[in-house]
Amino acid sequence: MSTLNLLAADNTSTLIWIAGIVVFLVVLFVGALFARFAGLWIQCKLTNAKIGFFNLLMMTLRKVNPTIIVRSKIMAIQAGITKSYDISTRDLEAHYLAGGNVPNVIRALIAAQRAKIDLDWQSAQAIDLAGRDILDAVRTSVYPKVIDCPDPRKTNSTLDAVAGDGIQLNVRARVTVRTNLKQLVGGATEETVIARVGQGIVQAIGSTATYEQVLENPDKITQIVLNEGLEKQTAYTIVSIDIADIDVGENIGARLQADHAEAEMRVAQAKAEQRRAEQKAREQEMVALTQENRAQVVLAEAKVPEAIADAFRTGKIGILDYYELKNVQADTKMRDMIGTPERESTASN
């Protein structure tokens, strides 16, 4: 009986030790959790952020950074934007899980409220999730940004345009823009604005009669470009376009005329060379024809002795007739020599 009592006492003491260890571990775990979230929980209580200790624990389980959410919520409450926009803790968590920059959106809403810019929470988070820097966009709405046209980091440092008289002008412009928050999602970026402004300047200069008009009144060029509405479907509103510098370049018109004249001269030379080659070929053909005719004459002359011999054999001509014919030929040759000048006779020989 005593043995059973001792065993029961040992089992009871063992259970007490196990229970004590479990309680100690639970207390240690709760203490660790409290130590981790105590600072954030106290901040929520002091600022009336309305985020409980259990919510902080659940954020960790949902893989949400509670520090970012708490500080963003406190920032919104302290700035008073929660009175204008219904921003709940769930909204902040959802935006964080979607990959958004929660503190940046809250700062943008605060800046927009201070500047009296119409921007709500839904639009701000949509712009942020689209990959745009919403805070920079709000700042650009308050303080317009200056863009160089063309961008010296990507293209040439000047815009090359040609006036109506053929003179090239090298232009550098500066475009002052303000962010259009309503078109920030889906609107074209700075590259589109720079390209449109450059195209407008080149077109406006090309429509002027002389380059002197551009140098005398560059504001006319910028006014023409502004009236074209280049900011359509872009994320910016163009405030002003200023011509920073204009340099006179080459005389493109004269160079084109010189190139055209040179091209025509080469064409004329080619045609003359073609005609000369044709005449040379014709000359060679005539030389060949002359040689052919001479050959025929020689052949004909070779037949004369045969004809005379045949005449002697047939009795159609006698010896006296032959000598008389030779005398006529000699007389004719002598008359030709007397009638031909000495220079021509020498040349013929």
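Is threonine 176 buried or exposed? Threonine 176 counts as buried because its relative accessibility is 15%, where buried means under 20% relative accessible area, exposed over 50%, and partly exposed in between (1.4 Å probe, protein chains only). Before we go further, a word on what you are looking at: this is a predicted model, in which local features need pLDDT of at least 70 and side-chain atom pairs count only at pLDDT 80 or more, while totals for chains, interfaces and linings use all residues. Residues are numbered from 1 along each chain as its sequence is written, and side-chain values use heavy atoms, with hydrogens and water left out.

Let us begin with the whole chain. It has 13 helices and four strands; these are DSSP runs numbered from the N terminus, helices being H or I with at least four residues and strands E with at least two. Of the chain's 349 residues, 28% count as buried. The accessible surface comes to about 23300 Å², and carbon and sulfur atoms hold 56% of that; areas come from the Shrake-Rupley method with a 1.4 Å probe, and for residues only the protein chains shown count as cover. Among contacts (heavy atoms within 4.5 Å) with a separation of 6 or more, 71% are between residues 24 or more positions apart.

How confident is the predictor? The mean pLDDT (the confidence in each residue, from 0 to 100) is 79 for the chain, and 85% of the residues score at least 70. Among the elements, helix 5 (residues 102–114) has the highest mean, 88, and helix 13 (residues 342–348) the lowest, 49.

Now back to threonine 176, which you will find in strand 3 (residues 167–179). Setting aside neighbours within four places in sequence, threonine 176 is in contact with Pro144, Lys145, Val146, Thr237, Ile238, Val239, Ser240 and Asp242. Strand 3 also has a partner: it pairs with strand 2 in the antiparallel sense over four bridges, where pairing requires that DSSP finds at least two bridges between two strands. In that pairing, aspartate 160 stands opposite asparagine 170 of strand 3. The hairpin of strand 2 and strand 3 has four residues between the strands, and glycine 166 there takes a positive phi near 90°.

Strand 2 itself (residues 159–162) is a nice one to follow by eye. In a regular strand the side chains alternate between the two faces of the sheet. Here Leu159 and Ala161 point to one face and are buried, whereas Asp160 and Val162 point to the other and are not.

Charged pairs come next. The structure holds seven salt bridges, each a side-chain nitrogen of Lys or Arg within 4 Å of a carboxyl oxygen of Asp or Glu. One of them joins glutamate 93 to arginine 62, with the closest N and O atoms 2.8 Å apart. Glutamate 93 belongs to helix 4 (residues 89–97) and arginine 62 to the loop between helix 2 (53–61) and helix 3 (66–79), so this pair ties together parts that are 31 residues apart in sequence. Glutamate 93 is buried, at 5% relative accessible area, while arginine 62 is partly exposed at 27%.

Another salt bridge brings us back to a contact of threonine 176: lysine 145 meets glutamate 190 at 2.3 Å, N to O. Because lysine 145 lies in strand 1 (residues 145–149) and glutamate 190 in helix 8 (residues 190–206), the pair ties together parts that are 45 residues apart in sequence. Lysine 145 is partly exposed at 25%, and glutamate 190 is partly exposed at 22%.

A third pair, glutamate 273 and arginine 276, has its closest N and O atoms 2.7 Å apart. Both residues lie in helix 11, three residues apart, which is about one turn of the helix.

Helix 11 (residues 252–314) also holds phenylalanine 312, which counts as partly exposed at 35% relative accessibility. Together, Phe312, Ile319, Leu320 and Tyr323 form a nonpolar patch on the surface with about 450 Å² of accessible area. Patches are made of residues with over 30% relative accessible area and no salt bridge; like charges are joined within 9 Å, and nonpolar side chains (Val, Leu, Ile, Met, Phe, Trp, Tyr) within 5 Å. Helix 12 (residues 319–339) gives the patch its largest share, three residues.

Methods. pLDDT = per-residue confidence, 0-100.
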